[in-house]
Amino acid sequence: MRKYLFSIIIALIILSIINHQSIQKAVELSEEGKGITQVKKNFLAVNWSLGCEREREI
């Protein structure tokens, strides 16, 4: 039983790391396009959303 619990915990940690990297890359791409980024995520970043608006030039 401990083996399975340990495997699940490791999988959640890896998933969280991968998701954080994905979020960071999406934010970087948005900022390259001169956008304003809004990120909403839960504790482990398993559920997240990203919004990006372009700045208006006058």
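**One helix and two strands**

The protein is built from one helix and two strands. Read from the N terminus, these elements come in the order α-β-β. The structure discussed here is a predicted model, so a word on confidence comes first, since predicted coordinates should not be read in detail where pLDDT is low. The mean pLDDT of the protein is 81, with 88% of its residues at 70 or more. Broken down by element, α1 comes out on top with a mean of 87, while strand β2, covering residues 48–54, sits at the bottom with 78.

Next comes the overall picture of burial and contacts. The protein has 58 residues, and 12% of them count as buried. About 5300 Å² of the protein is exposed, and 60% of that area is supplied by carbon and sulfur atoms. As for contacts between residues at least 6 apart in sequence, 23% of them join residues at least 24 apart.

Helix α1 takes up residues 2–32. Does its length fit or clash with its residue count? With 31 residues at 1.5 Å a residue, α1 should span 45 Å, and its end C-alpha atoms are indeed 45 Å apart, so the two agree. The buried residues in α1 are S16, N19, I23, V27 and S30. What do these buried residues pack against? Their partners are both strands, β1 (35–41) and β2.

The helix also contributes to a nonpolar patch on the surface, made up of L5, F6, I9, I10, I13, I14, I17 and I18. Together these residues offer about 730 Å² of accessible area. One of them, I14, lies in α1 and has a relative accessibility of 44%; because that falls between the 20% and 50% cut-offs, I14 counts as partly exposed.

After α1 comes K34, which has a positive phi, near 55°. G35 then belongs to strand β1. Is G35 buried or exposed? Its relative accessibility is 12%, which is under the 20% cut-off, so G35 counts as buried. Setting aside neighbours within four places in sequence, G35 is in contact with S30, C52, E53 and R54. Of these contacts, S30 is one of the buried residues of α1. R54 is 19 residues away from G35 in sequence, yet the two C-alpha atoms are 4.1 Å apart in space.

Technical notes: Residues numbered from 1 in each chain as written. Predicted model: local features only at pLDDT ≥ 70, side-chain atom pairs only at ≥ 80, totals over all residues. Heavy atoms only, no water. Patch = residues over 30% accessible without salt bridge, like charges linked within 9 Å, V, L, I, M, F, W, Y side chains within 5 Å. Areas by Shrake-Rupley, 256 points an atom, 1.4 Å probe, with all protein chains shown as cover. Salt bridge = Lys/Arg side-chain N within 4 Å of Asp/Glu carboxyl O. Helix = DSSP H or I, 4+ residues; strand = E, 2+ residues; numbered from the N terminus. Buried < 20%, exposed > 50% of the residue type's maximum accessible area, 1.4 Å probe, protein only. Contact = heavy atoms within 4.5 Å. pLDDT = per-residue confidence, 0-100. Expected span 1.5 Å × (residues − 1).
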